[in-house]
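Work through the exercises below with the sequence and the coordinates open. Each task is followed by a solution in steps.

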Amino acid sequence: MAIEKKIDCVLLGLLSHEDLTGYEIKKRMDTSLKYFWGASYGSIYPALGNLVDRGLAEKRDGAENKRNKFVYSITEAGRGYLKEWLQAPAERDELRYETLLKLFFGNEGGVQQAIAHIDAFQKKIEKELPYLVEAEDTLKKVIDIDDAHQYYFLTVEFGIKTYRAYLEWCEEAKAMLGKEDKQK
């Protein structure tokens with residue numbers, strides 16, 4: 001398989017479920033996929049144009065309310081491309097958190113600054129975790145209706161377990177740093 005951009009595969013994956021506008025794709029990226037993947041409009045629209053140029057997706061006018069909206073759909077060639085990518089091993093899985101980067105260099109900022117970063121990270125996780133739990137509850141009710149739901153469920157379960165581990169780590173890290181701060 002030629003070296004592909006992951007955004008191409010993400011878009012084709014979304015289009016494999018339903019026809020979507022660029023706006024709807026971004027909305028799904030910011031909700032369903034936000035816990036493990038993201039993209040901006042600045043990367044979505046050029047990638048959609050490229051997929052159309054390559055014959056992997058089609059674009060049709062779906063103007064509503066006098067707005068110029070284009071609706072994108074996956075082609076058979078696009079489905080083949082997506083399936084080929086799905087069969088290939090993952091090239092890399094990475095964890096990139098600015099909080100951890102700042103914590104790694106935390107000695108320069110001091111204990112209180114490090115704890116503040118951990119607190120902010122913890123609040124973010126505590127705010128987002130209920131959405132994953134709600135998605136889990138919803139998916140449990142429909143998991144037997146459509147095979148796709150079991151795959152959604154697996155990603156939600158991963159997110160819940162990961163977020164709970166993050167919260168546990170936050171408490172442990174703050175306790176460790178708190179002890180260090182008292183010793184100074």
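A salt bridge here is a side-chain nitrogen of Lys or Arg within 4 Å of a carboxyl oxygen of Asp or Glu. The model is predicted.

**Exercise 1.** Find the salt-bridge partner of K26 and state how the two residues are placed in helix α2.

Solution. Step 1: K26 pairs with D30, and their closest N and O atoms are 2.9 Å apart, which is within the 4 Å limit. Step 2: both belong to helix α2 (residues 22–30); because they are four residues apart there, about one helical turn separates them. Step 3: buried means under 20% relative accessible area, so K26, at 14%, counts as buried. D30 has 38% and is therefore partly exposed.

**Exercise 2.** Treat E171 and K174 likewise: what is the spacing in helix α8, and is each residue buried or partly exposed?

Solution. Step 1: the closest N and O atoms of this salt bridge are 3.9 Å apart. Step 2: the residues are three apart in helix α8, so about one helical turn lies between them. Step 3: E171 has 43% relative accessibility and counts as partly exposed, whereas K174 is buried at 18%. Step 4: elsewhere, salt bridges with shared partners link R92, E94 and R96 into one network. Within it, E94 and R92 have their closest N and O atoms 3.1 Å apart. The structure holds 12 salt bridges.

**Exercise 3.** Give the strand order of the sheet and identify its edge strands.

Solution. Step 1: the sheet is open, with three strands in the order β1-β3-β2 and antiparallel pairing. Step 2: β1 (20–21) and β2 (57–61) each pair on one side only, so they are the edge strands by the order given. Step 3: β2 is joined to β3 (residues 70–74) by five bridges; K59 has Y72 in β3 as its bridge partner. Step 4: helix α3 (residues 41–53) packs on the sheet and touches β2 and β3, its direction making about 110° with that of β2. Helix α1 (residues 6–17) lies across β1, β2 and β3 and runs at about 90° to β3.

**Exercise 4.** Locate Y41 and name the surface patch residues that accompany it.

Solution. Step 1: Y41 lies in helix α3. Step 2: its relative accessibility is 36%, so Y41 counts as partly exposed. Step 3: together with Y23 and Y45, Y41 makes a nonpolar surface patch of about 330 Å².

Conventions
Residues are numbered from 1 along each chain as its sequence is written. This is a predicted model: local features need pLDDT of at least 70, side-chain atom pairs count only at pLDDT 80 or more; totals for chains, interfaces and linings use all residues. Side-chain values use heavy atoms; hydrogens and water are left out. Two strands pair if DSSP finds at least two bridges between them. Contact means heavy atoms within 4.5 Å. Axes are lines fitted to C-alpha atoms, for helices over the stretch in contact, and angles run from 0 to 180 degrees between N-to-C directions. Patches are made of residues with over 30% relative accessible area and no salt bridge: like charges are joined within 9 Å, nonpolar side chains (Val, Leu, Ile, Met, Phe, Trp, Tyr) within 5 Å. Accessible areas come from the Shrake-Rupley method with a 1.4 Å probe; for residues, only the protein chains shown count as cover. Buried means under 20% relative accessible area, exposed over 50%, partly exposed in between (1.4 Å probe, protein chains only).
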